[in-house]
Each structure stands twice: as C-alpha cells, then as structure tokens.
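Open the model in your viewer and show it as a cartoon. Keep the selection tool at hand. The tour goes from stop to stop.

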Amino acid sequence: MDNFFKERLARHQKKMMRYMRYVLNDHFVLVCLFLVGGLGFYYSNLLKQLPADFIWSLPIVGVVWWFILPFGSLATLVEPADMTFLLPKETEMTGYLNKSLRHSLPFPFLVEGLICGALMPLVVLAQNSSFNRFFPYLIMLWVLKYSLLTIEKFASYQETASLVKKIKIGWFLLSGGIIFVSLYIGAIIGMIAALALMAGLIGWLNGHHRLLDWTFLINRENQRLHRIYQFINLFTDVPEIEAKVKRRRYLDPFLSKITFKQENTYLYLFARRAFRGSEISGLFLRLIVLGGVIIFSLNDFIFSAGVSALFIYLIGFQLIPLYGQFDYVTLTQLYPVAKKTKEKALQKLIAGLLATGAVIFSLCTLGRISLLESALVFGILVIEITVFSLIYLPIRVKKMEA
C-alpha cells in the first residue's frame with residue numbers, strides 16, 4: 001500500500017502542478033507581492049504606534065492562533081472506485097491513512113509558521129521578551145494541528161461520527177486553553193501541554209479498531225478537492241467543476257436594456273453568461289468583496305489607488321475568457337456576425353462591469369481618504385478601464401485567435 005499511495009500522490013501532484021501554471025501567473029504573483037508589501041508596511045507602522053501597555057496584544061494573538069488550527073484537512077486522495085477495488089485491502093489501509101496524514105502536514109505547518117512569525121512582534125511587545133520563544137510556540141501549534149489530523153483520521157472509521165464530534169469540541173476548547181496558558185504563563189508549559197494532549201489522543205484513539213467508512217472517506221475527499229478546484233477555477237477552467245446556471249430574476253432589468261439587434265447578438269450572450277453563470281458572477285463578486293474590504297482598510301491615497309487599480313485589472317483579466325465561451329456552440333458559427341462585432345461586445349460588457357467595480361472601490365475609499373483623493377482614485381480607474389478595454393483587450397483577443 002505504500003507504493004500505491006506514492007503512485008497516487010505523484011499523479012495528484014502532477015495534476016496540481018499543471019494547474020499551478022495558471023494560478024501562479026505573473027498577474028496573480030504581482031497582486032500578492034503588492035498586497036503583502038502593503039500589509040507589511042502598515043503592520044510595521046502599526047507596531048511602532050502601539051503603546052508598550054497595549055492589553056489586547058495577547059488576546060488578538062491567541063484568538064488568531066486558535067482559529068487557524070482547523071486550516072488544512074486530512075488529504076486521503078481516495079477515489080470512488082476504491083470502495084470496490086480496495087475493499088479486500090482494508091486491513092492494510094491503516095498504513096495508507098498514516099501516509100496520508102504525514103502528507104497533509106507540510107502545508108498547514110507552513111501557514112502556521114508564517115502566521116506565528118508574523119504575530120510574534122505583538123507577543124514580544126506584550127511580554128517584553130525576546131524572539132527566543134518563537135520555536136516553543138511554533139512546536140505547540142504544530143503538535144495541536146497533528147492532534148486534529150489524528151482525530152480526522154479516526155473519523156474515517158465506521159460508527160465514530162458522534163464520538164468524533166464530541167472529541168473535536170473537547171480538542172478545540174483544550175487547544176484554546178493551551179494557547180492562552182502558553183501566552184500568559186509560559187511557552188514551554190504550553191508546548192508540554194500540547195504534547196501531552198497529542199500523546200493522550202493517539203494512545204486512546206489507536207486503541208479503537210473499526211471498519212473503514214468508505215462513503216464518508218470518499219465524500220470528505222471529494223469536498224476537499226472541490227474547495228481546491230473552486231480556487232483554481234478563479235484562474236482557469238477546471239473540468240472537475242460543473243458550471244451551474246441560476247435564474248437571477250433581479251438582473252433581468254439589465255438584460256432587458258440590450259435591444260434585439262444583430263450587433264447586440266454577442267453582447268446578449270456574454271451578458272447572460274456573466275450574470276447567470278455561477279463561476280463568472282461568483283468570481284466577480286468575490287474579487288469585488290475582497291478588493292473592497294482591503295481598500296476600506298487603507299487610509300493612504302497611493303495604496304488605495306494602487307490596490308484599486310490592481311483589482312480592476314485582475315477582474316478584467318479574469319473576464320477575458322468570456323470571448324471563447326460560445327465557440328463550441330454550432331449555431332454561433334452560423335451567425336452572420338463579424339468578429340469585430342463580437343470583440344466590441346466583449347469590450348462593452350467588460351467596460352461596464354469594471355466601471356461598476358470602479359464605483360464600488362471609489363465608494364470604499366470615502367471616509368478613509370479625502371473626497372478629492374477619492375475622486376482622483378475614480379479618475380485613475382476610469383483611465384485604466386479605457387486603456388484596458390480599447391488597447392489591452394484587443395491584443396489579448398488576437399492572441400486567443402492565433
């Protein structure tokens with residue numbers, strides 16, 4: 001079963017790496033670097049402004065550490081066919097699950113390490129100590145995460161649902177207690193308590209032997225992969241994500257404004273696809289909400305304008321694939337509509353959606369910067385939308401048709 005898991009893991013990683021080429025593109029990396037740099041700058045200034053007796057430092061750190069522990073679930077990589085073909089090997093699945101548990105550790109460990117390191121200045125400020133306590137805190141978080149994954153592994157067996165629910169509640173409460181004890185009493189004490197909790201859980205759970213709950217295993221893994229594919233679907237089409245169409249009657253007034261003329265053929269198709277397709281509308285809304293929240297948290301004109309411009313570009317870039325959405329439909333090949341008309345329809349739709357985003361982002365700056373600066377942000381976004389629609393979009397469309 002060890003070789004079997006290695007082969008399945010290699011196949012899964014190859015598939016993910018193929019998608020990562022589209023996710024980690026230049027545009028996304030640029031946005032991430034800009035956001036991380038901006039947030040780091042503001043965080044650094046915030047730390048300098050905080051008084052030495054700021055009482056909320058440790059509660060904030062404790063709550064953040066506590067709530068990041070559930071991040072990252074057990075990756076078993078099981079498939080629906082395993083219920084039939086791996087059933088004779090069920091007695092050997094313990095080793096398989098142990099392999100999957102170890103495979104599930106690096107990513108949450110990395111996230112916890114980054115967040116732990118980012119919040120350590122607050123701990124040092126509150127405790128008037130040094131950064132030497134970073135490693136005991138980090139080991140404590142890693143051990144608590146390992147305990148949670150051990151519980152998830154135990155949930156893979158039959159007749160454990162109610163017991164696992166109680167264990168998780170107990171684990172969550174004890175983890176919070178351990179984190180706050182480590183912050184207010186001592187990092188070493190918290191690390192020892194976490195190790196004791198892990199040892200107790202492993203010793204007790206390993207003493208319960210049951211048959212695997214294959215249905216639960218498969219459904220949980222499908223849900224985990226679906227979350228990953230939903231994120232990847234923000235950047236490229238994923239065959240594993242089925243497109244869903246929703247009626248959305250409240251958007252009918254916008255569609256009714258598109259008159260039935262030959263030159264509006266593709267504008268109508270693109271608009272219906274954007275408004276009623278869950279992936280396009282969901283992508284637009286998620287980026288608008290995320291951008292709006294970040295912009296609302298900024299009180300500097302340069303950063304507000306920069307972040308707004310980046311999100312407008314990101315939204316527009318993600319809408320470009322609409323151009324080829326109907327190429328597979330035979331009837332569209334028969335339409336007596338010129339390609340130039342199709343391109344202008346996409347320009348008009350994207351410009352309209354980006355203009356909506358520009359208005360929302362500009363409103364998010366009100367109260368954070370002056371009214372004149374908010375107006376300047378809106379003006380910058382209008383110029384960007386014009387350049388994007390009239391210059392950049394036709395270049396991208398020509399590349400798609402090449």
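Between which two helices does the loop that holds Glu159 lie? Select α7 (134–154) and α8 (161–184): Glu159 is in the loop between them. Helices here are DSSP runs of H or I of at least four residues, strands are E runs of at least two, and both are numbered from the N terminus.

**Ground rules**

This is a predicted model: local features need pLDDT of at least 70, side-chain atom pairs count only at pLDDT 80 or more, and totals for chains, interfaces and linings use all residues. Residues are numbered from 1 along each chain as its sequence is written, and side-chain values use heavy atoms, with hydrogens and water left out.

**Stop 1: two positive phi angles**

Stay on Glu159. Its phi is near 55 degrees, a positive value in a residue other than glycine. Most residues other than glycine have a negative phi. Glu159 is exposed, with a relative accessible area of 71%. Exposed means over 50% relative accessible area, buried under 20%, and partly exposed in between (1.4 Å probe, protein chains only).

Now select Leu77. This residue is not a glycine either, yet it has a positive phi of about 60 degrees. Look for Leu77 in the loop between α3 (57–68) and α4 (82–85). Is Leu77 buried or exposed? Leu77 is buried, because its relative accessible area is 5%.

**Stop 2: the whole chain**

Zoom out. The protein chain has 17 helices and zero strands. Its C-alpha trace spans about 70 × 65 × 35 Å along the principal axes. Of its 402 residues, 45% count as buried.

Switch to a surface view. The accessible surface comes to about 21900 Å², as given by the Shrake-Rupley method with a 1.4 Å probe. Carbon and sulfur atoms hold 68% of that surface.

Colour by charge. The chain has 41 positive and 25 negative charges, and their mean positions are 3 Å apart. Lys and Arg count as positive, Asp and Glu as negative; His and the chain ends are not counted. Each charge is placed at NZ of Lys, CZ of Arg, CG of Asp or CD of Glu.

How are contacts spread along the sequence? Among those between residues at least 6 apart, 81% join residues at least 24 apart. A contact means heavy atoms within 4.5 Å.

**Stop 3: the second largest pocket**

Select Met16, Phe71, Phe107, Arg224 and Ile228. The second largest pocket has a volume of about 1000 Å³. Those five are the closest to its centre among the 25 residues that line it. The elements that give two or more residues to this lining are α1 (2–23), α6 (106–127) and α10 (214–232).

The search runs on a 1 Å grid over the protein atoms alone: a pocket is an open set of points with protein on both sides within 12 Å along at least five of seven lines, a cavity is a set where a 1.4 Å probe fits but cannot get out, and lining residues have an atom within 4 Å of a point. Points are joined across faces, edges and corners, and a volume is the space filled by probe spheres set on them.

**Stop 4: along α10 and α6**

On α10, select Arg220. Arg220 counts as buried because its relative accessibility is 14%. Beyond its neighbours within four places in sequence, Arg220 contacts Leu74, Thr76, Glu152, Ala155 and Ser156. Add Ser73: it is 147 residues from Arg220 in sequence, with 9.4 Å between the C-alpha atoms.

Move to Gly117 in α6. Gly117 is partly exposed, at 31%. Draw a C-alpha line from Gly117 to Leu371: 38 Å, across 254 residues of sequence.

**Stop 5: the cavity**

The whole structure holds one cavity of 30 Å³ or more. What lines the largest cavity? Select Phe34, Leu35, Gly38, Leu39, Ile294, Leu298, Phe303 and Val307. The space inside is about 50 Å³. α2 (26–49) and α14 (301–319) each supply at least two lining residues. α2 gives the most, with four.

**Stop 6: the start of α16**

Finish at Lys339 in α16 (residues 339–365). Lys339 counts as exposed, at 59% relative accessibility. Leaving out residues up to four places away, Lys339 touches Tyr323 and Glu401. Last, add Tyr266: 73 residues from Lys339 along the chain, with 9.8 Å between the C-alpha atoms.
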